[in-house]
Amino acid sequence: MSSLVTKVRLRQIEQLIEKGKRLDDRGLLDTREIKIEQGLIEKAEGSARVFLGKTEVLVGVKVGLGEPFPDTPNEGVLTVNAELVPVASPHFEPGPPDENSIELARVVDRGIRESKCIDNEKLCIEPGKKVFVVFVDIYVLNHDGNLIDASAIAAMAALLNTKMPNYEVKDGELKIKQGYTPLPVKNHPVTVTTGKINGHLITDPWIEEEQVMDSRITFATKEDGTICAIQKGGSGYFTPQQILEASKIALDKAVELRKKLDW
Amino acid sequence: MNEKTEKLIDKKGIRSDGRKADELRPVKLQVGVLSNADGSAYIEHGKNKILAAAFGPREVHPKHLMQADRMVLKVRYHMAPFSVQERKSPAPSRREVELSKVIKESLEPALFLELYPRTGVDVFVEVLQADGGTRCAAITAAALAIADSGVPMRDLVVGCAAGKVDDTVVLDLYDAEDKLGIADVPVAYMPSLNAITLLQMDGILEPAEFEKAVNMAMDGCKKIYEMQKEALKTKYMVVKEVEE
Amino acid sequence: MPTFFEKKQLVTPGELLAEGDYLPGENTYVEGGKIYASRIGLVDSDNKKVNVVALRAFYMPKMGDIVIGTVIEVGFNGWTIDIKAPYTAMLRASDVLSRPFKPQNDELSQVLTAGDLIVAKIATFDRAHDPQLTVGEPGLGKITRGQILHVTPTKIPRIIGRKGSMISMIKQETNCQIILGLNGVILVTGKTLDEEELAISVIRKIEEESHTSGLTDRITHLLKEKKIGKVEENKVE
C-alpha cells in the first residue's frame, strides 16, 4: 500500500508521541469521540452505525433460518462478514474480501463468539433441524483508523438492536407469528486495540498513526474481567512486558467504554 | 457446548494424550528437503506434518505489489484436502487467509526488509497433516526455510501455543484439546530479542491465566528454538577434517 | 567486554556473538549494543571486527563486479539478463553495438538471443534501479565454448585464494581458462575435456571443503597427482 503520510508528518507524529501527545491533542491512552445510532436500516433485523472519530462503520444484522452445525444441534449459528467498501478509502478496491477484511471479520467474530454474548441455545427452534442464523455484516464506510474497535462496537450495538421474529412449531411445521423478541444478549464484550510507536503504546490509533506504528494488539474482554479474544497484527513485535501492559490498558478502557455506553 | 463425558486432564494432572501440563509434543525438524526451493524445511510437531519452502529474494509478481523501498514478504498457508478428518476443499478458506496474514506478520520482524528494495520473498507452507497448533509449527518451519535460503534474519522465529484445558493452563494443545478446551493461545517468539511476533487467543482466560499461558508458551518456544538451531547446523555441519 | 564464540564456530541467525567494544562485520548486525549473526556461517574476529562467513547466501550485485549471466529476453533496445541475483539485469544495445542502431527487434536477436551466456561487468546499480551491465571491455562478451558450473557465491573468494594464488594454480595445472563470476557462475574452457573435468572437480572440492584447513596443500597434491596420472596413461599407450 502506498504511504499516505509524508516523512515530515511521520516525524511530527513520532516527536509528539515522545512528549506523550498526539496530533489531535489526545493523550496516548485517550480514545476518540464515539457516536452510536441504532435501528437506521429498517429492513434489517438489527443495525447500528458507529463514528469513532471520523471512522464510520455500519453493521446490519439479518436473522434467518437454517440448520445447526452437526456438533452443536441445540445452538443457533453466528456468522460475521466484513466489507471494506471502496467508498471508505482510496486504497480499498472492489472485489472479494482480502486478507484485511477477513481478519477484521474473524477478530470481531471471535470477541462475540468466545464471550458467548449471544445466548445461542435460545436460538434453537427444533434441535438438530432448525435454528436461527444470525448474519452480522460489517460495512466499513470511512476508514480513519482503528477499524477493529469501531466494527466491534458497531456489531455489539447492532446485536443489541436486533429482534428475532416470533414463531410457533405446530405439528412439526414452523409458523412465523406476529411480533418480535429481542435477540438474547447475555454480556457485552468490548474490543480495545493498542498500537505501538517507538516503544510507546497508544490506544485507538488514527489512520496516520497506523502508518507509523509497527504493530498493534487487540484484546476483547468481558464485564467479569476475563479476556475472550486476542489478535496481534502488523510487522513489528511486542516484548512480553508490553503485552501485559496492553492487556491492562484494554481492561481499563473496556470498563470506561461500558460505563459511557451504559452496557 | 456439549456435555463432556471425559475430562481432558485427570486428577493426577495427566492429559488425554498422556502428557503432563507443561510437556511439549515430540518435535522433529529437517532443513533443506526440497531441491527446487531456495530454502526449505519440514516439521513434525506431534501429529502435525508441515512442509515449508522459501523462494527469493526475487522480482515481485504482480508488479503492483512491489514496494520501492523494501522487500515484500508473502506467505501462503494452505492445508491439503487430506490433512484433516473431514476432507477439506482445496480452495483457500477464510481461516487460511487469516493464518497466512498472521504468519507473514510473525516472520516480518525477523527480516531486514529495507535491505532489498523492490524484491519479494515468497514462503509457501503446506500442511500435510493437522493435529492442532498448525500455525505455530508452520512458523517454526517457515523461519528455517527462510534461513536456509540465505536471506539474512535478526533471529529464527519459533512458534508454540499454550492454553487452558478443564481448569489447568497447559502447554502445546493438540487437536482434541483445542476443540474441547477452554482457551488456545498461539505464540511466535524471537528468543534472542525477547520479541513476541504472533499472539492470538480464542476462549476465556482470567488475566492471571493469560499471563501464565504466555510465559508457558514462551518456554515451549525456547525449547523448540534449540531444536531449530540444531536442525540448521546439522545441514551445514562442517565436514570432518580430511587427513592426508 | 566479551565475545561469545570460538574461532570458526558454526552460528545461526540470532546467535549472540559479542558485546561491547566490537565492530559488526559481514553477516552480523547490532541491536542494543550487542552483535548478532544474521546468517548461518562460521564466525571469526579480525582485530575488533566480528565476521560471519556465510555458508548460504545469495549474490547482491555490486558496481564493478564481473558476472556471468544468461540472456532471458530480447527487448527493443537491449537484453534482459539473468545474473542469479534478486534483480534482473539489463544490457543496453548501445553498449554492444559500436554504431547507432535502429530499434528493430531482428537486429538485436542476431547479436544475442535468449539462452546465450555472457560475461559482463556491472556498470551501475542502486536501490532504485536494476543493475545495468556492460560488455565493452576486453574479456567480456558472448560465451561460445566451455563448461559452466554454479557455486554458492560466498565460496568464490576461497576459489580465488589469497592474491589469486589458488585460481592461478588451477589454471596453470589444468591449462584451462577460468572466468569466475562473482555471482557464483564459473566458466571453464580447456583444450581437452579431461582438463576441463579436472578443473571442475577441483573447484567443486574447494567449494565443499572451503572452511577446512590444509585445503591448499590437498588441492596442490590433487592437481599434481591427476597430472601424473594422465602422463602415466599416455605412457601405457
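In this predicted model, chain B holds an open sheet of five strands, arranged in the order β1-β2-β3-β5-β4 with mixed pairing. At its edges lie β1 (27–31) and β4 (72–79) of chain B, each of which pairs on one side only, and neighbouring strands of the sheet are turned against each other by 15° on average, with direction ignored. Strands of a sheet pair through backbone hydrogen bonds, in either the parallel or the antiparallel sense. The edge strand β4(B) pairs with β5 of chain B (residues 119–129) in the parallel sense, over eight bridges, and within this pairing B:Val75 has B:Val123 in β5(B) as its bridge partner.

Two helices of chain B lie across strands of this chain. Helix α1 (residues 94–107) lies across β4 and β5 of chain B and runs at about 140° to β4(B), while helix α2 (residues 134–148) lies across β1, β2 (39–45), β3 (48–59), β4 and β5 of chain B, running at about 150° to β2(B).

Turning to the contact between chains B and A, 27 residues of chain B and 27 residues of chain A take part. On the side of chain B that touches chain A, α1, β9 (195–205) and α4 (207–235) of chain B each supply at least two residues, the largest share being the eleven residues from β9(B); by character, this side of chain B divides into 14 nonpolar, five polar and eight charged residues. Strand β9(B) also pairs with strand β12 of chain A (residues 227–233), in the antiparallel sense and over four bridges, and A:Ala229 stands opposite B:Asp202 of β9(B).

For chain C, the domain assignment gives domain 1 (9–54), domain 2 (66–142) and domain 3 (147–236), and the centres of domain 1 and domain 3 of chain C, taken over C-alpha atoms, are separated by 31 Å.

Notes:
Residues numbered from 1 in each chain as written. Chains lettered and ligands numbered in written order. Predicted model: local features only at pLDDT ≥ 70, side-chain atom pairs only at ≥ 80, totals over all residues. Domains from an automatic or database assignment. Pairing = 2+ DSSP bridges. Axes fitted to C-alpha atoms, helices over the stretch in contact; angles between N-to-C directions. Contact = placed C-beta atoms within 7 Å. Nonpolar A, V, L, I, M, F, W, Y, C, P; charged D, E, K, R; others polar.
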